[in-house]
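User: I should like to learn how to read the features of a protein model. Please take me through this one step by step.

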Amino acid sequence: MMIARPGGGSLVATLMWWGNSEGVKGRCDAKCHGAAGPDCDCMCGGAFHGTRHQQGGVEQTVEVHMSEIYEAAKQRAKAEGLQIHLGEPQLRLL
Ligand SMILES: [Zn+2]
């Protein structure tokens, strides 16, 4: 699966976010990917947690595991009454 990389850089910003009709509740972004500590309350289930520090980085995890991570995240979100969306949150909430 390809993720758009504006500007041609390899830095992945927000991979996915979750929320409900009230708005964005959280996102899987640099805070998760660059995390140094073990705590993760992200919908990726820790799949991307700290991946920036691993060989292959965030990008490799996306390319190899994104579809399964996304499916698992959808189930997690559903259990909490939320919806998962890929990419950056829409700016309609601002
Ligand atoms: Zn995450």
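**Reading the fold**

Analyst: The protein chain has 2 helices and 3 strands. Please keep in mind that this is a predicted model.

User: In what order do the elements of the protein chain run from the N terminus on?

Analyst: One reads the elements along the sequence. Here the order is β-β-α-α-β. Contacts give a further view of the fold: of those in the protein chain with a separation of 6 or more, 48% are between residues 24 or more positions apart.

User: How is the sheet arranged, and in which order do the strands stand?

Analyst: The order in a sheet is read across the strands, from one edge to the other. In this model 3 strands form an open sheet in the order S2-S1-S3, with antiparallel pairing. Strand S2 (23-28) and S3 are the edge strands, each pairing on one side only. From one strand to the next, the twist averages 30°.

User: How many bridges join S1 to S2, and over how many do S1 and S3 pair?

Analyst: S1 and S2 run antiparallel and are joined by 5 bridges. These two strands form a hairpin, with 2 residues between them. S1 and S3 also pair in the antiparallel sense, over 4 bridges.

User: Which residues stand opposite Met 16 in S2 and in S3?

Analyst: One looks across from the residue to each neighbouring strand. Met 16 stands opposite Cys 28 in S2 and opposite Leu 86 in S3. Trp 18 can be read in the same manner: Gly 26 is its opposite residue in S2, and Ile 84 is its opposite residue in S3.

User: Where does H2 pack, and which strands does it touch?

Analyst: H2 packs on the sheet and touches S1 and S3; the direction of the helix makes about 150° with that of S3.

User: How does one read the shape of a helix such as H2?

Analyst: One compares its span with that of a straight helix, and then looks for a bend. A straight helix of 23 residues would span 33 Å at 1.5 Å a residue, whereas H2 spans only 29 Å between its end C-alpha atoms. H2 also has a kink of about 80°, centred on His 65. Just after H2, Gly 81 takes a positive phi of about 75°.

User: Which residues of H2 are buried, and against what do they pack?

Analyst: A general idea helps first. An α-helix has 3.6 residues a turn, so residues three or four places apart point the same way. In this model, the buried residues of H2 are Val 58, Thr 61, Val 62, Ile 69, Ala 73 and Ala 77. They pack against S1, H1 and S3.

User: Which residues have the most contacts inside the largest nonpolar core?

Analyst: The largest nonpolar core has 17 residues, and those with the most contacts inside it are Met 16, Cys 28, Met 43, Cys 44, Phe 48, Ala 73 and Ile 84. Strand S1 (16-20) and helix H2 (57-79) each supply at least two residues of this core. The largest share, 5 residues, comes from H2. For the protein chain as a whole, buried residues make up 24% of its 94 residues.

User: Is Met 43 buried or exposed, and why?

Analyst: One counts the C-beta atoms around the residue; 20 or more within 10 Å make it buried. Met 43 is buried because 28 other C-beta atoms lie within 10 Å. This residue is found in the loop between helix H1 (30-33) and H2. Leaving out residues up to four places away in sequence, Met 43 touches Met 16, Trp 18, Gly 26, Cys 28, Ala 73, Arg 76, Ala 77 and Ile 84.

User: How are Met 43 and Ala 73 placed in relation to each other?

Analyst: One sets the separation along the chain beside the distance in space. Met 43 and Ala 73 are 30 residues apart along the chain, yet their C-alpha atoms are separated by 5.3 Å. Neighbours within four places in sequence aside, Ala 73 is in contact with Met 16, Met 43, Cys 44, Gly 45 and Ile 84.

User: Is Glu 80 buried or exposed, and why?

Analyst: Glu 80 counts as exposed because it has 11 C-beta neighbours inside 10 Å, and a residue with 12 or fewer is exposed. Glu 80 lies in the loop between H2 and strand S3 (83-86). Its C-alpha atom is separated by 9.8 Å from that of Asn 20, 60 residues apart along the chain.

Notes:
Residues numbered from 1 in each chain as written. Predicted model: local features only at pLDDT ≥ 70, side-chain atom pairs only at ≥ 80, totals over all residues. Core = buried A, V, L, I, M, F, W, Y, C linked by C-beta atoms within 7 Å. Contact = placed C-beta atoms within 7 Å. Pairing = 2+ DSSP bridges. Axes fitted to C-alpha atoms, helices over the stretch in contact; angles between N-to-C directions. Expected span 1.5 Å × (residues − 1). Bend = angle between axes of the 7 residues up to and from the residue.
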